[in-house]
Amino acid sequence: MNKLRIFSGNANVELAKKICSFLDVDLGRAKVGKFSDGEIQVEINESVRGMDTFLVQPTCPPVSDNLMELLIMLDALKRASASRITVVMPYYGYARQDRKVVPRTSISARLVANLITVAGASRVLAMDLHAGQIQGFFDIPVDHLYALPAQFEYLKKIEGDIVIVSPDAGGVERARELAKRMNASIAIIDKRREKANVSKVMHIVGNVKGKTAIILDDMIDTGGTIVQAAEAIMEDGAIEVYACCTHPVLSGNAVEKIKNSCIKEMIATNTIPLSEEAKKLDRIKILDVSHILGEAIRRIHRDESVSSLFI
């Protein structure tokens, strides 16, 4: 492990420190600041020549600032002669723009992949991508991790007749995998999205009556979809509703929506940091995934299998 170096931008330093603690290594010394005009300045304050380097930087809000930090740190490590640079992106920003839904729009998820590759990344380590096909946007290796092991360990404590609910058709595979582990049934929310961040629940496919429902999604952003889904599930006869996600983006007044909703508890992970407002809400439970990311980093460094983590 003496050739391993882990660095972090400003997006989620606490997660990077926990990963380093798991691996029993020190966090790499780097200065990531700004000039007075807002330009990002990066200085790597230790030698990385010939080192296997890992850069922990989720592109969470402020997305564009964190993305630029990532790209500039990549360039700095590359110019410092790092042997291999693995970008650890627990949360992949711009992932929702993975295809052209309407004419004359950008496929920003592909653009970000190109930027990361050109900036000098050797490989990418991500967790619960919004769309699995994003892996194909890269011309370098991508290791796709899942928060499911940590989520299952927590959710299996919930008693009663469980039903796992996917908030849309795209999340059915994720819901099915958790349902299989929990020996539970599944249901699907049929929703219509009129525009970005605005959706409407049409009806529920599956039986939730008399059951404890767990809505499973990759991220909760504005909170509108998850709150509407919870209300529809309760109206359909569920006893109680839990919301579970990997990435707690919680933009706008999402925390207020969840606070005033029928959701008993919202379970998320520490892929991105919570806002101060969200930290005050006892209903939000955060699970640590640093051990999953840390073990994946160890296996990549030692050229061992990463996929066997989830078998």
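Here is a short chat about one helix and the aromatic pairs of this predicted model.

Reader: How far apart are the end C-alpha atoms of helix α3, residues 108–119?

Author: Happy to work that out! Helix α3 has twelve residues, and at 1.5 Å a residue they should span 16 Å. The model agrees with this, as the end C-alpha atoms of α3 are 16 Å apart.

Reader: Which elements do the buried residues of α3 pack against?

Author: Let's start with the residues themselves: Ser108, Ala109, Val112, Ala113, Ile116 and Ala119 are buried in α3. They cover an arc of only 145 degrees around the axis, which puts them on the same side of α3. In general, an α-helix has 3.6 residues a turn, so residues three or four places apart point the same way. The buried residues of α3 pack against α2 (63–79), β5 (84–89) and β6 (123–127).

Reader: How many residues apart are Tyr92 and Phe138?

Author: A search of the whole structure gives two aromatic pairs. In one of them, Tyr92 and Phe138 meet edge-to-face, 6.1 Å centre to centre with 80 degrees between the planes. Tyr92 sits in the loop between β5 and α3, and Phe138 in the loop between β6 and β7 (142–145), so this pair links distant parts of the chain, 46 residues apart.

Reader: Is Tyr146 buried or partly exposed?

Author: Good one to check! Tyr146 pairs with Phe310, with ring centres 5.4 Å apart and planes at 90 degrees, so the pair is edge-to-face. Phe310 has a relative accessible area of 18%, and is therefore buried. Buried means under 20%, whereas Tyr146 has a relative accessible area of 36%, so Tyr146 is partly exposed.

How values were computed: Residues numbered from 1 in each chain as written. Predicted model: local features only at pLDDT ≥ 70, side-chain atom pairs only at ≥ 80, totals over all residues. Heavy atoms only, no water. Helix = DSSP H or I, 4+ residues; strand = E, 2+ residues; numbered from the N terminus. Expected span 1.5 Å × (residues − 1). Buried < 20%, exposed > 50% of the residue type's maximum accessible area, 1.4 Å probe, protein only. Arc of directions from axis to C-beta. Contact = heavy atoms within 4.5 Å. Phe/Tyr/Trp six-rings, centres within 6.5 Å; stacked < 30°, edge-to-face > 60°.
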